[in-house]
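Thanks for sharing this one. Here are some notes to read alongside the coordinates, in numbered points.

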Amino acid sequence: MRMVFQRVESASVEIVENGLRRECAKMGAGALVLVAVENGDTPEDAQWLAAKAANMRVYEDSDGKMNMSLKDSGGDAVVVSQFTLFGNMRKGSRPSFNRSAHPDTAVPLYEKFCELFEAELCKKIGRGEFGADMRVHLVNDGPVTIIADSRNRDI
């Protein structure tokens, strides 16, 4: 599994259906987390990534140093599924998404990640809608953007 973790002042997600928009998640300061599931991912990948997202120290303490996690800060979170994080541009100009898991696998692991992330934070999170046409609005804080991958832990 792969995530892009963005420290934000605020974020919201709208679903677009039949030309109409409806808001499905809205938050203040905290994190917007984009998550993708790769072929072969397991619940252990979801566990590792959820713990990493909740405990990564990217929030400032009283001395202005990035020493606090999202859990420590009490910030909010919104998670959005984003299969395009596994886009491959090795050939040509059109990305291939053949590494992204099929929805039969991806949906349960996305939901598992969200459940585990909520458990780590001890609070509810906002969520996008898997497979929906979404508009994600955010105000970056910093900006601080971290990429993590459960199978490539060096990035």
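1. Let me start with a strand pairing: A31 stands opposite A77 of strand β6. In this predicted model, β6 runs parallel to strand β3 (residues 30-36), and six bridges join the two.

2. What does β6 pair with besides that partner? Two bridges join β6 to β7, and these strands run parallel. Within this pairing, V79 has R127 of β7 as its bridge partner. Between β6 and β7 the chain passes through α3, and this β-α-β crossover is right-handed.

3. How enclosed is β6? Five of its six residues are buried, so the rest of the structure largely encloses this strand. You may want to keep that in mind when looking at D76, which is partly exposed with a relative accessible area of 30%.

4. D76 also brings us to the charged pairs. Its side chain meets that of K123 in a salt bridge, at 3.2 Å from N to O. D76 lies in β6 (residues 76-81) and K123 in the loop between α3 (103-121) and β7, so the pair ties together parts that are 47 residues apart in sequence. K123 is partly exposed, at 29% relative accessibility.

5. A second pair worth displaying is R22 with E129, whose side chains form a salt bridge at 2.9 Å, N to O. This pair links distant parts of the chain: R22 is in strand β2 (residues 20-27), while E129 is in the loop between β7 (126-127) and β8 (134-149), 107 residues apart. Both ends are partly exposed: R22 has a relative accessible area of 36%, and E129 has one of 31%.

6. Is each partner in the salt bridge of R21 and E14 buried or exposed? Their side chains meet at 3.1 Å, N to O. R21 is exposed, because its relative accessible area of 51% lies over the 50% cut-off. E14, at 18%, counts as buried because that value is under 20%.

7. As a general reminder, side chains of opposite charge can pair when their charged atoms come close. For this model the salt-bridge count comes to 13. Among the residues involved, E38, D41, R99 and R151 are joined into one network by salt bridges that share partners.

Technical notes
Residues numbered from 1 in each chain as written. Predicted model: local features only at pLDDT ≥ 70, side-chain atom pairs only at ≥ 80, totals over all residues. Heavy atoms only, no water. Salt bridge = Lys/Arg side-chain N within 4 Å of Asp/Glu carboxyl O. Buried < 20%, exposed > 50% of the residue type's maximum accessible area, 1.4 Å probe, protein only. Helix = DSSP H or I, 4+ residues; strand = E, 2+ residues; numbered from the N terminus. Pairing = 2+ DSSP bridges. Right-handed = clockwise from strand over helix to strand, strands pointing away.
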